[in-house]
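Open the model in your viewer and keep the sequence panel beside it. Each stop below says what to select and what is found there.

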Amino acid sequence: MKLFNNLLFRVFIAIIIGILVGSYAPEWYNRLFVTFNKLFGSFLGFSIPLIIMGLVMPAIAELGKNAGRLLFMTVIIAYSFTLFSGFSTFFVGKIVFPKLLGQSPTVNTEVVERTLTPFFTLDIPPILDVMSALVLAFMIGIGLSLKSNSTLGGVLKDFKDIIVLVIEKVIIPLLPIYIMSIFSEIAYSEKVASVMGLFFKIIGIIFVMHIALLLLQFLLAGIISKKNPLKALLTMMPAYATALGTQSSAATIPVTLQQVIKLGVSERIAGFVVPLCAAIHLSGSTMKITACAMALMLMNGQTVSIDLFAGFIMMLGVIMVAAPGVPGGAIMAALAILQSILGFDAQQQALMIALYIAMDSFGTACNVTGDGAVSLIVNKLSSRQVGE
């Protein structure tokens, strides 16, 4: 039963069923899935601005209440690591992905939509566009961080609870069916072989990049803290293994904390940095989303430029602060800027979800292991300040 409760397993089964349905079922049967696809996609589009406001506003407000030099230092280091992850992924992907995807047929979503049409559609326009929701979330979140005992703060906590329930009880359970409908469309249009082949290639490349990223993070941390970087990285391996199983940065905090203290980080610094980094350090997740977005854009013949991705990566590092602890929260939050900045349509968003979930454990493991490197740097810099 535990296996069937695993989201990755359900998505894997959904992809297989979707391919079988698209390949062998009659057109009218596939149109049922297309109808669900359009209805759920419309609901998802309506929900995205609400998800942004419900998750981001309380997260920014809560971070601000703990404002201080240690918080500022940790946030800057964690965000710098996240930016480095995103931009390094872009430049590596810019070199590797065109060669990897160059001989593959373009997955044109417009062709798929012309091939199968839904029985009916229901338009559910969002109450705010994505950028308006983002600006409102930052404005209110920052404002609340400067106030104490705010009535609006209590309302936002209730609003966050409602949004988390919608994600956990509605969106996440229906995601496998949504993904199944996407793959039935792709299979029906006879594009599935190229798409699945590219999926596995992308997953392989990102796994290698995760390892390289961790080596670079601990090399930098080792130089600053005067620690052996390989020994420090090996010390964090229990946290890496735990995160692979839990798929949650928050659930891995006890193990991460234990291993960080073994690195020689003071208990005071470790007790502050590790829980905070579980919320704000998302190098692995940023790498996954950036690489997958680039690959899908190239598959669709879209232009991938640094001008476009610079803003996307910088915003991604901020917007995913609210993601940890909420199942599927990172990719749910990222859908907003995938749509508003990169122009992703519903099918590209669904493929992003499938790719993200397929690598969810590895991204989380990369995040929590990198928390050790952040802790080493903060510990060293804070001890220097005390010495001064």
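Start with the cysteines. How many disulfides does a search of the whole structure find? The search finds 0 disulfides. Keep in mind throughout that this is a predicted model. Select Cys277 and then Cys366. Cys277 is buried, with a relative accessible area of 0%. Cys366 is also buried, and its relative accessible area is 0%.

**The whole chain**

Now switch to a cartoon view of the chain. There are 17 helices and 0 strands. Of the 388 residues in the chain, 51% are buried. Take the contacts in the chain with a separation of 6 or more: residues 24 or more positions apart account for 85% of them.

**Helices H11 and H12**

Select residues 253-262, which form helix H11, and residues 267-280, which form helix H12. Their axes come within 9 Å and cross at roughly 140 degrees. That angle makes H11 oblique to H12. The crossing of H11 past H12 is right-handed. To see the contact, show the side chains of Ile253, Thr256, Leu257, Val260 and Ile261 in H11. On the H12 side, show Glu267, Ala270, Gly271, Val274, Pro275 and Ala278. Sorted by class, the residues of this contact of H11 with H12 are 8 nonpolar, 2 polar and 1 charged.

**Helices H13 and H14**

Next, select residues 283-299 for helix H13 and residues 306-319 for helix H14. These two helices pack at an angle of about 150 degrees, and their axes are 11 Å apart. How do H13 and H14 run, roughly parallel or roughly antiparallel? H13 is roughly antiparallel to H14, because angles over 145 degrees are counted that way. H13 passes H14 in a right-handed crossing. From H13, the residues in the contact are Thr286, Ile289, Thr290, Ala293, Met294 and Met297. From H14, they are Leu308, Phe309, Phe312, Ile313 and Leu316. By class, the contact of H13 with H14 has 9 nonpolar, 2 polar and no charged residues.

Stay in H14 and centre the view on Leu316. Leu316 is buried, with a relative accessible area of 0%. Leaving aside neighbours within four places in sequence, Leu316 is in contact with Thr286, Ile289, Thr290, Ala334 and Ile337. Now add Leu83 to the selection. Leu316 and Leu83 are 233 residues apart along the chain, yet their C-alpha atoms are separated by 8.9 Å.

**Helices H13 and H16**

Keep H13 selected and add residues 346-358, which form helix H16. The axes of H13 and H16 come within 10 Å and cross at roughly 135 degrees. The two helices are therefore oblique to each other. Their crossing is right-handed. On H13, pick out Ser285, Lys288, Ile289, Cys292, Ala293 and Leu296, which meet Gln348, Leu351, Met352, Leu355 and Tyr356 on H16. The contact of H13 with H16 divides into 8 nonpolar, 2 polar and 1 charged residues.

**Tyr79 in helix H4**

Move to helix H4, residues 69-101, and select Tyr79. Tyr79 is partly exposed, with a relative accessible area of 26%. Which residues does Tyr79 touch, not counting those up to four places away in sequence? They are Met314, Gly317 and Val318. Select Ser283 as well: its C-alpha atom is 8.5 Å from that of Tyr79, with their positions 204 residues apart along the chain.

**Two loops**

For the first loop, look between helix H5 (109-115) and helix H6 (130-145), where Pro126 lies. Pro126 is partly exposed, at a relative accessible area of 38%. Not counting residues up to four places away in sequence, Pro126 touches Gly45, Phe46 and Pro49. Pro126 and Ser47 are 79 residues apart in sequence, and 7.1 Å apart from C-alpha to C-alpha.

For the last stop, select Lys226, in the loop between helix H8 (192-225) and helix H9 (229-235). Is Lys226 buried or exposed? Lys226 is exposed, with a relative accessible area of 67%. Check the backbone here as well. Most residues other than glycine have a negative phi. Lys226 is not a glycine, but has a positive phi of about 65 degrees.

Conventions
Residues are numbered from 1 along each chain as its sequence is written. This is a predicted model: local features need pLDDT of at least 70, side-chain atom pairs count only at pLDDT 80 or more; totals for chains, interfaces and linings use all residues. Side-chain values use heavy atoms; hydrogens and water are left out. Axes are lines fitted to C-alpha atoms, for helices over the stretch in contact, and angles run from 0 to 180 degrees between N-to-C directions. Helices (H or I, at least four residues) and strands (E, at least two) are DSSP runs, numbered from the N terminus. Angles under 35 degrees count as roughly parallel, over 145 as roughly antiparallel, 65 to 115 as roughly perpendicular and the rest as oblique. A crossing is left-handed if the near helix is turned anticlockwise from the far one by less than a right angle, and right-handed if clockwise. Contact means heavy atoms within 4.5 Å. Ala, Val, Leu, Ile, Met, Phe, Trp, Tyr, Cys and Pro count as nonpolar, Asp, Glu, Lys and Arg as charged, and the others, Gly among them, as polar. A disulfide is a pair of cysteine sulfur atoms within 2.5 Å. Buried means under 20% relative accessible area, exposed over 50%, partly exposed in between (1.4 Å probe, protein chains only).
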